[in-house]
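The following exercises concern a predicted model. Each consists of a task and a solution in steps.

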Amino acid sequence: MIRNETKQNEMKQQVAEAALEYVKADTIIGVGTGSTANMFIDALAAMKDEILGAVASSEATAARLSGHGIDVMDLNEALTQVDALSVYIDGADEFDAGKNLTKGGGGALTREKIVAAASDAFVCIVDESKQVEHLGTFPLPIEVIPMAGALVANAARELGGEPVLREDFVTDNGNIIIDVHGLKITDARGLEDHLNSIPGVVTNGIFSHQGADVVLMGTPKGVKVID
Ligand code: 5RP
């Protein structure tokens, strides 16, 4: 188990470093959340003077960027200076052959989706365990305004899923997360749209509209570029 985890971390480290190639000088970039994104942030520190700044997808990411002396910018402020962030770099919980993703294992899905939407390209950094035929093996997170929890849980049951409230967790936006287990997602875009149409849903963890442009997948043989 520990050996597998070490191997997985090595693969994450490889893709985190490979993602530096997608960071263009004199631009503002978007940075994701999670253990792979953290490795990317640590690697980015070496080229912090080359970029204008970074927009963070979570408070945790903002703190880590700042800890390295990287200028953290508010998205609204950034978009007064540039039309779009040059690239968004983040991990994922799953990706399929269409580069649709599920995200939100760390609960930062809403801000992640916003920053991805504000970026010219999304470079997704994952180890090979994240590759799936159909999304949905990883429980699908939904960020929900607290008073709509039961309503959204009932809607998830109607879809054949099993909703589980993420215990002792509040998002950076002050909301709850419902993780939906047991969904086999064959129409990622349709389900993303359907879930987002339920009143009280802030967003869900399917990234089909904001899918990856490039996936850098860590394997025991090195980084595989899927574009
Ligand atoms: C956080 C996310 C992460 O990108 C996802 O959970 C993958 O995390 P890790 O890099 O730790 O495997 O969506 O909300």
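**Exercise 1.** State what covers the buried residues of helix H3, and determine which side of H3 they occupy.

*Solution.* Step 1. The cover of the buried residues of H3 includes strand S1 (28–31), helix H2 (35–44) and strand S2 (53–56); contact here means heavy atoms within 4.5 Å. Helices (H or I, at least four residues) and strands (E, at least two) are DSSP runs, numbered from the N terminus.

Step 2. The buried residues in H3, which spans residues 59–67, are Thr61, Ala62 and Leu65. Buried means under 20% relative accessible area, exposed over 50%, and partly exposed in between (1.4 Å probe, protein chains only).

Step 3. Thr61, Ala62 and Leu65 lie on the same side of H3 because they cover an arc of only 100° around the axis. The arc is that of the directions from the helix axis to the C-beta atoms. An α-helix has 3.6 residues a turn, so residues three or four places apart point the same way.

Step 4. Ala60, Ala63 and Gly67 are exposed on the other side of H3. Just after H3, glycine 69 takes a positive phi of about 80°.

Residues are numbered from 1 along each chain as its sequence is written. In this predicted model, local features need pLDDT of at least 70 and side-chain atom pairs count only at pLDDT 80 or more, while totals for chains, interfaces and linings use all residues; side-chain values use heavy atoms, with hydrogens and water left out.

**Exercise 2.** Is serine 57 buried or exposed, and with which residues is serine 57 in contact?

*Solution.* Step 1. Serine 57 belongs to the loop between S2 and H3. Because its relative accessibility is 0%, serine 57 counts as buried.

Step 2. Apart from neighbours within four places in sequence, serine 57 is in contact with residues including Val31, Gly32, Tyr88 and Glu112.

Step 3. The side chains of serine 57 and threonine 33 make a polar contact (2.6 Å). A polar contact is a pair of N or O atoms within 3.5 Å; within protein, one must be able to donate a hydrogen and the other to accept it, and residues adjacent in sequence count only if both atoms are side-chain atoms.

Step 4. The C-alpha atoms of serine 57 and lysine 113 are 8.4 Å apart, although 56 residues separate them along the chain.

**Exercise 3.** Identify the distances from oxygen atoms of the ligand to glycine 104 and to glutamate 112.

*Solution.* Step 1. A backbone N or O atom of glycine 104 is 2.8 Å from a ligand oxygen atom.

Step 2. For glutamate 112, an N or O atom in the side chain lies 3.0 Å from an oxygen atom of the ligand.
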